[in-house]
Structures are given as structure tokens and as C-alpha cells.
Amino acid sequence: MSVPAKILKQVLSRYSSPMTLKYPSGVDPSKKYSQIPEGLRGVPERDAEKCVGCRACFMVCSGRATRIIDLGDKRTVSIFLFRCTYCAHCQESCPEEALKMTSKFEFTIGEREDKGAYVDTDLEMLRCKSCNTAFLPKKMEKRVFERLQEKMNPLVKEVVLSDYKKLEGYCPECRRARSTNFDTHTKKWLWLEVK
Ligand code: SF4
Ligand code: SF4
């Protein structure tokens, strides 16, 4: 075949089959770039049922994308996707396994105010029995009590749980102020020994 014929054949072959791959996934399994890779870290999702509003994801967020907004009787745990770096630190740190990195990597957000720019979960707050300050999500208090019972050394369980019950529903400030009256001060055993 002559050189011009070879060139012509090559040029024509370019137009005989598609030059691009279908996007984003699943169309042709033999083409590696048409598949979403396993373990891809895409948009994080939060299971609102599992989330207790503990703030652990906020503490570790590398992109400072997670915010905790306490307004009256409501706490909102929010991820601002414009700032998210998809590092998955939030997923690793969540004690309730409420956060999961999904394989969703394509989304369009026009404005900062768009609802789609946020991953939000609302939680109802508990108010202090004494000063009426909203200080903790209700779900978190319940979960802390459950965990306390699960992990506790049996030798101290009875005493600690009885103290906990006396302080239940009080904010940290009111607990501190009342610990002596309630006989729940953590150093009470030391005092007894000194006596
Ligand atoms: S998502 Fe997990 S770490 Fe974040 S507030 Fe909810 S329970 Fe805590
Ligand atoms: S993936 Fe990383 S940057 Fe995004 S919300 Fe979670 S911790 Fe923050």
C-alpha cells in the first residue's frame, strides 16, 4: 500500500468508531475509565436516624466543612460541600457509624445558598432542668447513658449509675454547682478516706 493510501486509511479509521467513552459509568465494562473505581470517596451522606449530634465529625473535619449550629431547641450538623475535601475523616471518627462516603462525585451547585450544597441533620436539644439552657441533643444524652452502662467496670457500676441518675437533665454548669448537694462529687471517696 502506498504511503498516501496508508494515511487515508488511518484517517478514515478514526471516524469508523466512537472516539470517546460514554460517561460516567457502566456502559462498557472493558473500558476501565468507564467504571467508578472501588472505594472512591464521593459526597458524604449522613444517616439522620443514627446521628446523635456528638460533634466528633466537626472536630476532625480537615476542610472545615462541617459546622454545628445550635439555635434554641435545635442543633444542626451541617457539611458545606463547597469546602469538603472528601478526606473521609468524618466517616472514620463517627462513633455511631452515621456517616458514609458515597460514590457520588458529580453534582452541580450554583449558589452558596442552594440546599444541595449542604448535608444537614437536625436534632432536638435537651434543656437544663434548672437553668433552662439548651445544652445537649436529647439523642446524645440517651446514647451516652447506654454507652456508659456497656463499658463500665462492674465494681463501680452501681455507684456511678446512681450518681448519673441524680445529675440527669442538668447542664454541666448546674451539675458542678450541685455536685456536693447531690453527693455526686467525684472526689467524695477521697474525702471519706481522709476522714
Ligand atoms: S455524624 Fe456521627 S460524628 Fe457527626 S455528629 Fe452525628 S453521630 Fe456525631
Ligand atoms: S470528608 Fe473530610 S472535609 Fe468532607 S466533611 Fe468529612 S471530614 Fe470534612
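Does L126, with 21 C-beta neighbours inside 10 Å, count as buried or exposed? L126 counts as buried, because 20 or more other C-beta atoms within 10 Å are enough for that class. The legends below describe this residue and other parts of a predicted model.

**Figure 1. The whole protein, with its helices and strands.** The secondary structure comes to seven helices and six strands. From the start of the sequence to its end, these elements follow the pattern α-β-α-β-β-α-β-β-β-α-α-α-α. The protein has 195 residues, and 14% of them count as buried. Among the contacts with a separation of 6 or more, 59% are between residues 24 or more positions apart.

**Figure 2. L126 and its surroundings in strand β5.** L126 is found in β5 and is buried. Leaving out residues up to four places away in sequence, L126 touches A134, F135, L136, P137, K138 and E141. G72 is 54 residues from L126 in sequence, yet the two C-alpha atoms are 9.9 Å apart in space.

**Figure 3. The hairpin of strands β5 and β6.** Strand β5 covers residues 118–127 and strand β6 covers residues 134–137. The two strands run antiparallel and are joined by three bridges. One residue pair to look for is M125 with its bridge partner in β6, P137. Six residues lie between the strands of this hairpin, and N132 takes a positive phi near 70°.

**Figure 4. The hairpin of strands β2 and β3.** Strand β2 is made of residues 66–71, and strand β3 of residues 74–80. Their pairing is antiparallel and extends over six bridges. I68 has V77 in β3 as its bridge partner. Two residues separate the strands, and in this turn G72 has a positive phi of about 60°. G72 is also the residue whose C-alpha atom is 9.9 Å from that of L126.

**Figure 5. The surroundings of ligand 1.** Around ligand 1 there are 14 residues. Those that come nearest are C51, C54, A56, C57 and C94. Sorted by class, the shell has nine nonpolar, two polar and three charged residues.

**Figure 6. The surroundings of ligand 2.** Ligand 2 is surrounded by 15 residues. C61, G63, C84, C87 and C90 are the closest. The shell of ligand 2 divides into ten nonpolar and five polar residues, with no charged residue.

**Figure 7. The largest nonpolar core, including C94.** This core has 13 residues. The members that touch the most other members are C57, C90, C94 and L99. C94 touches A56, C57 and L99 when residues up to four places away in sequence are not counted. Two of these names return from the ligand views: C57 and C94 are among the residues nearest to ligand 1. C90 is one of the closest residues to ligand 2.

**Figure 8. K50 and R55 in the loop between β1 and α2.** The loop that holds K50 runs between β1 (44–46) and α2 (56–60). K50 counts as partly exposed because it has 16 C-beta neighbours inside 10 Å, a count between the limits of 12 for exposed and 20 for buried. Apart from residues up to four places away in sequence, K50 touches E96, E97 and A98. K139 is 89 residues from K50 in sequence, but their C-alpha atoms are 9.3 Å apart in space. R55 lies in the loop between β1 and α2. R55 has 14 C-beta neighbours inside 10 Å, so R55 also counts as partly exposed. Its phi is near 80°, a positive value in a residue other than glycine.

**Figure 9. E97 in the loop between α3 and β4.** Helix α3 covers residues 89–93 and strand β4 covers residues 99–101, with E97 in the loop between them. E97 has 10 other C-beta atoms within 10 Å and is therefore exposed. E97 is not a glycine, although its phi is positive, at about 55°. One of the residues that K50 touches is E97.

**Figure 10. Helix α1, residues 3–16.** How far apart are the end C-alpha atoms of α1? They are 20 Å apart. At 1.5 Å a residue, the 14 residues of the helix should span 20 Å, so the two values agree. The helix is hardly covered, as the count of buried residues among its 14 residues is zero.

Key. Residues are numbered from 1 along each chain as its sequence is written. Chains are lettered from A and ligands numbered from 1 in the order in which they are written. This is a predicted model: local features need pLDDT of at least 70, side-chain atom pairs count only at pLDDT 80 or more; totals for chains, interfaces and linings use all residues. A residue is near a molecule or strand if its C-beta atom, placed from the backbone, lies within 6 Å of it. Ala, Val, Leu, Ile, Met, Phe, Trp, Tyr, Cys and Pro count as nonpolar, Asp, Glu, Lys and Arg as charged, and the others, Gly among them, as polar. A nonpolar core is a set of buried Ala, Val, Leu, Ile, Met, Phe, Trp, Tyr and Cys residues joined through C-beta atoms within 7 Å. Two residues are in contact if their C-beta atoms, placed from the backbone, lie within 7 Å. Helices (H or I, at least four residues) and strands (E, at least two) are DSSP runs, numbered from the N terminus. Two strands pair if DSSP finds at least two bridges between them. The expected span of a helix is 1.5 Å times one less than its number of residues.
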